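Here is my note on the model you sent, set out as numbered points. I have kept each point to one region or topic, so that it can be checked against the coordinates.

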Amino acid sequence: MTGTPLTDRLQPLLASADGPAAAVAAVRGTERAVLCRGPVGESTRFETGSLTKTFTALLLAELAARGEVGYGDRADRYLPFRLPGPPLTLLHLATHTSGLPRLPPGLLGRAVRSGWLSNPYAGFREDDLLASLRRTRLRNRPGSRVLYSNFGGGLLGHVLARAAGGTGSDYPALLAERVTGPLGLTDTDCDPNRPQATGHWHGRPRPALLMPGLTAAGAVRSSARDLLRVLAALLDPDTAPDAVLRTALTEVQRPRLSVPRTGSRLCLIWNLRPRPGGALLHHSGGTRGFTAFAGFLPGSGTGLVALTNTAPTPLAPFVQSAYGALRALDERPFGTVWTARV
């Protein structure tokens, strides 16, 4: 595939990755490409970090399309205890407007004592998540302010698993049943024991990430091949195998609120930036050993995935390069003409 307009545009991004290995993939109209560098292939699994939350958002939309939950449902409707104060809803959790802090109280102290330099989330489990929630004071009234929260993302997945009739720890199985299985994502799950690329932090190999208490916030592993399939489904929801998933793929792209002073909007987890030719939706993620980016433009049928097996560095230059590459792919003067989906 080397030498096509699409692969030529991806080569600089691939070369910009800091890690020993990287994979980038793109779709533009009917053209697709996957490029890899180092000891990885298109099906190699990378930790995706907070890109996990986009899968959690799709799971929320799937349950909502089935009528199993409502976006306005109180989160504690599916918890074993009532939360004090104003209602905190599933939509608040999916738009980072819950008022919850970035991390659960007590997590950092536990990580410093047990594994800050090795696996900081490993000792924080499902029971710890609920215990932290009981003693958490909201930073803001739900719905009043955007405050990015891994705590909220993890809680959302926990609540969805309970809403579907399981326990909080059933999130991985529910994701497989409702999302990754139907979409044919054979490389994508939360299992740290399946083969994956070796992550690096400051040049040193890292163990596989463990997040038993915040699985839905950052534990998904995926490949360039699978993530490209997800973007293709988001760009054309009609290709999904059933009506429920088609609705969910559409719903996660619908703007829910405007971010003050930025011009940006928030969908269900996905960030949306308006552009002259249409919306650009994007999200990124990072762990102690990996960096991930995914973004797409529904108006032009363009999407891009970028993965590398090294932790993000300050200012996230690889993520910024990926965002810039996506914008460049959307510029109509280069390459062939394509037809927008309407």
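**Notes on helix packing, selected residues and confidence**

1. Helix α5 passes helix α6 in a left-handed crossing. In this predicted model, α5 covers residues 126-134 and α6 covers residues 150-163, and their axes come within 11 Å and cross at roughly 110°. The two helices are therefore roughly perpendicular to one another. On the α5 side the contact involves Glu126, Leu129, Leu130, Ser132 and Leu133, which meet Phe151, Gly154, Leu155, His158 and Arg162 of α6.

2. Helix α6 also packs against helix α2, which spans residues 52-66; here the axes come within 10 Å and cross at roughly 35°. The crossing of α2 over α6 is again described as left-handed. From α2 the contact draws on Lys53, Thr56, Leu59, Leu60 and Leu63, and from α6 on Asn150, Gly153, Leu156, Gly157, Leu160 and Ala163.

3. What is the arrangement of α1 relative to α11? The axis of α1, residues 5-16, comes within 9 Å of the axis of α11, and the two cross at roughly 170°, which makes α1 roughly antiparallel to α11. The residues that meet are Leu6, Arg9, Leu10, Leu13 and Ser16 in α1 and Phe318, Ser321, Ala322, Ala325, Ala328 and Leu329 in α11.

4. Ser321, which has its place in helix α11, can be followed individually within that pairing. Once residues up to four places away in sequence are set aside, Ser321 touches Leu13 and Ser16. Ser321 is partly exposed, because its relative accessible area is 33%. As a distance for orientation, the C-alpha atoms of Ser321 and Thr247 are 32 Å apart in space, with their positions 74 residues apart in sequence.

5. His96 sits in the loop between α3 (90-94) and α4 (107-114), and with a relative accessible area of 5% it is buried. Beyond its neighbours within four places in sequence, His96 is in contact with Lys53, Arg145, Val146, Leu147, Tyr148, Ser149 and Ile269. Lys53 also appears among the α2 residues that make the contact with α6, which ties this point to the second one.

6. Pro120 is found in the loop between α4 and α5, and it counts as buried because its relative accessibility is 8%. The C-alpha atom of Pro120 is separated by 7.9 Å from that of Leu108, a residue 12 positions away along the chain.

7. Arg273 belongs to strand β9, which covers residues 271-273, and at a relative accessible area of 36% Arg273 is partly exposed. Apart from neighbours within four places in sequence, the contacts of Arg273 are with Ser264, Gly278, Ala279, Leu280, His282 and Tyr323. The C-alpha atoms of Arg273 and Leu297 lie 9.8 Å apart, while the two residues are 24 apart in sequence.

8. Two backbone conformations deserve a look, given that most residues other than glycine have a negative phi. His202 has a positive phi of about 50° although it is not a glycine; His202 is in the loop between β4 (199-201) and β5 (204-206), and it counts as exposed because its relative accessibility is 62%. Ala316 likewise has a positive phi, near 50°, and is found in the loop between β12 (302-308) and α11 (317-329). With a relative accessible area of 21%, Ala316 is partly exposed.

9. How many disulfides does the structure hold? The number is 0. Of the cysteines, I note that Cys190 is buried, with a relative accessible area of 13%, and that Cys267 also counts as buried, because its relative accessibility is 0%.

10. On confidence, the mean pLDDT of the protein chain is 93, and 95% of its residues reach 70 or more. Where does pLDDT stay under 50? The stretch concerned is residues 334-342, for which the model nevertheless has 26 contacts beyond four places in sequence. Please keep the pLDDT of residues 334-342 in view when reading those contacts.

Terms used
Residues are numbered from 1 along each chain as its sequence is written. This is a predicted model: local features need pLDDT of at least 70, side-chain atom pairs count only at pLDDT 80 or more; totals for chains, interfaces and linings use all residues. Side-chain values use heavy atoms; hydrogens and water are left out. A disulfide is a pair of cysteine sulfur atoms within 2.5 Å. Buried means under 20% relative accessible area, exposed over 50%, partly exposed in between (1.4 Å probe, protein chains only). pLDDT is the predictor's confidence in each residue, from 0 to 100. Contact means heavy atoms within 4.5 Å. Axes are lines fitted to C-alpha atoms, for helices over the stretch in contact, and angles run from 0 to 180 degrees between N-to-C directions. Helices (H or I, at least four residues) and strands (E, at least two) are DSSP runs, numbered from the N terminus. Angles under 35 degrees count as roughly parallel, over 145 as roughly antiparallel, 65 to 115 as roughly perpendicular and the rest as oblique. A crossing is left-handed if the near helix is turned anticlockwise from the far one by less than a right angle, and right-handed if clockwise.
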